Amino acid sequence: MKNDIYNIIYSGKTEKGKRENNEDAYEIVTYECCGEKILMLAVADGLGGHASGELASKIAVMELRETIKRGVDDINAKSKSTITTEILKNLLLSGFKKANDEILYQAKIVPGRKSMGTTMVAALVKEDGECAIANIGDSRAYLIKNTNTDNTDNTDNTDNTDNTD
């Protein structure tokens with residue numbers, strides 16, 4: 001998939017490479033919120049060598065997508081006039097939390113999935129280019145401007161959750 005929206009060119013493709021299973025998943029979704037479009041870009045990479053990495057990555061992007069959709073629907077129902085960066089951050093945080101909760105739940109109820117996990121990186125981008133980016137694990141987001149690459153790893157780590165492996 002390749003599109004040009006908000007002067008951003010984006011695309012998505014997964015490949016299993018040398019792995020037995022393709023443990024990658026991605027979602028590209030546009031939401032309508034407060035009269036403007038918000039683009040969600042997400043990539044998850046299941047943990048190799050762990051059970052059900054391919055399932056964990058699919059669960060992560062699906063839960064992120066659906067949680068953000070519910071959040072956008074709630075915002076639209078409350079007739080907020082503008083969407084702020086803080087709202088974008090909260091939507092991502094809620095989506096990442098829901099994804100994590102569902103992966104932990106699946107790992108608990110199905111014995112073969114006990115150690116499944118995934119990394120994930122996602123961005124919500126407004127039409128004016130304002131955005132929020134979140135990641136867990138070693139998946140990263142990059143901003144490429146005029147052929148210069150900027151690793152956007154200067155993250156606002158306001159959530160003090162212990163994310164050690």
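Q: A pocket is an open set of points on a 1 Å grid, with protein on both sides within 12 Å along at least five of seven lines. With that in hand, how much space lies in the second largest pocket of this predicted model?

A: Let's start with the walls: residues lining this second largest pocket include Thr 67, Arg 70, Asp 74 and Ile 75. Also on the list are Lys 78, Lys 80, Leu 91 and Ser 94. The space inside comes to about 150 Å³.

Q: Which helix gives the largest share of the lining of the second largest pocket?

A: Two helices each supply at least two residues of that lining, namely helix 1 (53-77) and helix 2 (85-109). The largest share amounts to 5 residues, and the element behind it is helix 1.

Q: How many residues in the lining of the second largest pocket are charged?

A: Sorted by class, the lining has 2 nonpolar and 3 polar residues. Arg 70, Asp 74, Lys 78 and Lys 80 are among the lining residues, and Asp, Lys and Arg belong to the charged class. The charged count is 4.

Q: Is Ile 75, one of the lining residues, buried or exposed?

A: Ile 75 sits in helix 1 and touches Cys 33, Cys 34, Lys 80, Ile 83, Ile 87 and Leu 91, setting aside residues up to four places away in sequence. Of these, Ile 87 is 12 residues along in sequence and 9.3 Å away in space, C-alpha to C-alpha. The relative accessibility of Ile 75 is 10%. Since the cut-off for burial is under 20%, that value makes Ile 75 buried.

Q: How many disulfides are there?

A: A disulfide is a covalent bond between the sulfur atoms of two cysteines. To count here, a pair of cysteine sulfur atoms has to lie within 2.5 Å. By this rule the number of disulfides is 0.

Q: Which cysteine has the sulfur nearest to that of Cys 34, and what is the distance?

A: Cys 34 takes part in no disulfide, because a pair needs its sulfur atoms within 2.5 Å. The nearest cysteine sulfur belongs to Cys 33, at 3.8 Å.

Q: Where does Cys 34 lie?

A: Cys 34 is buried, with 16% relative accessible area. Its phi is near 55 degrees, a positive value in a residue other than glycine. As for its place in the chain, Cys 34 falls in the loop between strand 3 and strand 4.

Q: Which residues touch the most other members of the largest nonpolar core?

A: In soluble globular proteins, nonpolar side chains tend to be buried together. The largest nonpolar core of this model holds 32 residues. The members that touch the most others are Leu 64, Ile 68, Ile 83 and Leu 92.

Q: Which residues of helix 2 (85-109) does Glu 63 contact?

A: Glu 63 has its place in helix 1 and, at 10% relative accessibility, counts as buried. Leaving aside neighbours within four places in sequence, its contacts are Lys 98, Ala 99 and Glu 102.

Q: What pattern does the protein follow along the sequence?

A: The protein has 2 helices and 8 strands, and 36% of its 165 residues count as buried. Among contacts with a separation of 6 or more, 58% join residues 24 or more positions apart. Read along the sequence, the pattern is β-β-β-β-α-α-β-β-β-β.

Note on methods:
Residues numbered from 1 in each chain as written. Predicted model: local features only at pLDDT ≥ 70, side-chain atom pairs only at ≥ 80, totals over all residues. Heavy atoms only, no water. 1 Å grid on protein atoms, 1.4 Å probe; cavity = no way out; pocket = protein on both sides within 12 Å on 5 of 7 lines; lining within 4 Å. Points joined across faces, edges and corners; volume = space filled by probe spheres on them. Helix = DSSP H or I, 4+ residues; strand = E, 2+ residues; numbered from the N terminus. Buried < 20%, exposed > 50% of the residue type's maximum accessible area, 1.4 Å probe, protein only. Core = buried A, V, L, I, M, F, W, Y, C linked by side-chain atoms within 4.5 Å. Contact = heavy atoms within 4.5 Å.
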